[in-house]
Amino acid sequence: MPKVRFVPLNRTVEIKKGETLFKAARVNGIPLGSSCRGDCVCGWCKVEIVDGMENLSQPEECEQKLMRTGNYRKHERVACSTRVFGDVSITTGYW
Ligand code: FES
């Protein structure tokens with residue numbers, strides 16, 4: 001099972017292969033911004049990938065749209081649209 005490490009919180013959780021970063025955070029009580037409840041609309045769930053980008057799904061169309069319009073940087077992803085297939089470490093500016 002893939003591990004998601006929330007770097008500043010010093011927490012690591014195991015999730016089912018193919019689960020989203022958003023669910024990994026929410027199920028484990030880790031706060032993550034959202035006004036659309038994970039529907040890939042608001043862009044508030046932006047996270048920075050510290051390590052393991054190669055273990056994530058490719059951006060879906062909705063994520064690509066948010067990346068174009070939401071001022072995303074190279075290592076940032078939309079957590080509710082990003083599925084995990086191997087170990088990854090992430091952070092945000094507010095943890
Ligand atoms: S929670 Fe709104 S885009 Fe991810």
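Let me start with isoleucine 90, which, leaving aside residues up to four places away in sequence, touches Val4, Arg5, Phe6, Val7, Pro8, Leu21, Val47, Glu48, Ile49, Val50 and Trp95. Please keep in mind, as we go through this, that we are looking at a predicted model.

Isoleucine 90 also turns up when we ask about the nonpolar interior: the largest nonpolar core has 24 residues, and those that touch the most other members are Val4, Phe6, Leu21, Leu32, Val88 and Ile90. The elements that contribute two or more residues to this core are β1, which covers 3-6, α1, which covers 21-27, β3, and β5, which covers 88-91. Of these, α1 gives the most, with 4 residues. As background, nonpolar side chains in soluble globular proteins tend to be buried together.

Now to the sheet. How are the strands ordered in it? There are 5 strands in an open sheet, running in the order β2-β1-β5-β3-β4, and their pairing is mixed. The edges are formed by β2, residues 11-14, and by β4, residues 76-78, each of which pairs on one side only. On average, and ignoring direction, neighbouring strands of this sheet are turned by 35° against each other. If we look towards the β4 edge, strand β3, residues 46-51, pairs with β4 in the antiparallel sense over 3 bridges, and there valine 47 stands opposite arginine 77 of β4.

Let me turn to the aromatic residues, where the structure holds 2 pairs. In one of them, phenylalanine 6 and tryptophan 95 meet edge-to-face, at 5.4 Å centre to centre and with 70° between the planes. This pair links distant parts of the chain, since phenylalanine 6 lies in strand β1 and tryptophan 95 in the segment after β5, 89 residues apart. In the other, tyrosine 94 and tryptophan 95 are again edge-to-face, with 6.3 Å from centre to centre and 75° between the planes. Taken together, Phe6, Tyr94 and Trp95 form one aromatic cluster.

Which members of that cluster are buried, and which is partly exposed? Phenylalanine 6 and tryptophan 95 are both buried. Tryptophan 95 has a relative accessible area of 19%, and it counts as buried because the cut-off is under 20%. Tyrosine 94, by contrast, has a relative accessible area of 46%, and is therefore partly exposed.

I will finish with one more ring, that of tyrosine 72, over which the charged end of lysine 46 sits, 4.5 Å from the ring centre.

Key:
Residues are numbered from 1 along each chain as its sequence is written. This is a predicted model: local features need pLDDT of at least 70, side-chain atom pairs count only at pLDDT 80 or more; totals for chains, interfaces and linings use all residues. Side-chain values use heavy atoms; hydrogens and water are left out. Two strands pair if DSSP finds at least two bridges between them. Axes are lines fitted to C-alpha atoms, for helices over the stretch in contact, and angles run from 0 to 180 degrees between N-to-C directions. A nonpolar core is a set of buried Ala, Val, Leu, Ile, Met, Phe, Trp, Tyr and Cys residues joined through side-chain atoms within 4.5 Å. Buried means under 20% relative accessible area, exposed over 50%, partly exposed in between (1.4 Å probe, protein chains only). Contact means heavy atoms within 4.5 Å. Rings of Phe, Tyr and Trp (its six-membered ring) pair if their centres lie within 6.5 Å; planes under 30 degrees apart count as stacked, over 60 as edge-to-face and the rest as tilted. A charge sits over a ring if NZ of Lys or CZ of Arg is within 6 Å of the ring centre and within 35 degrees of the ring normal.
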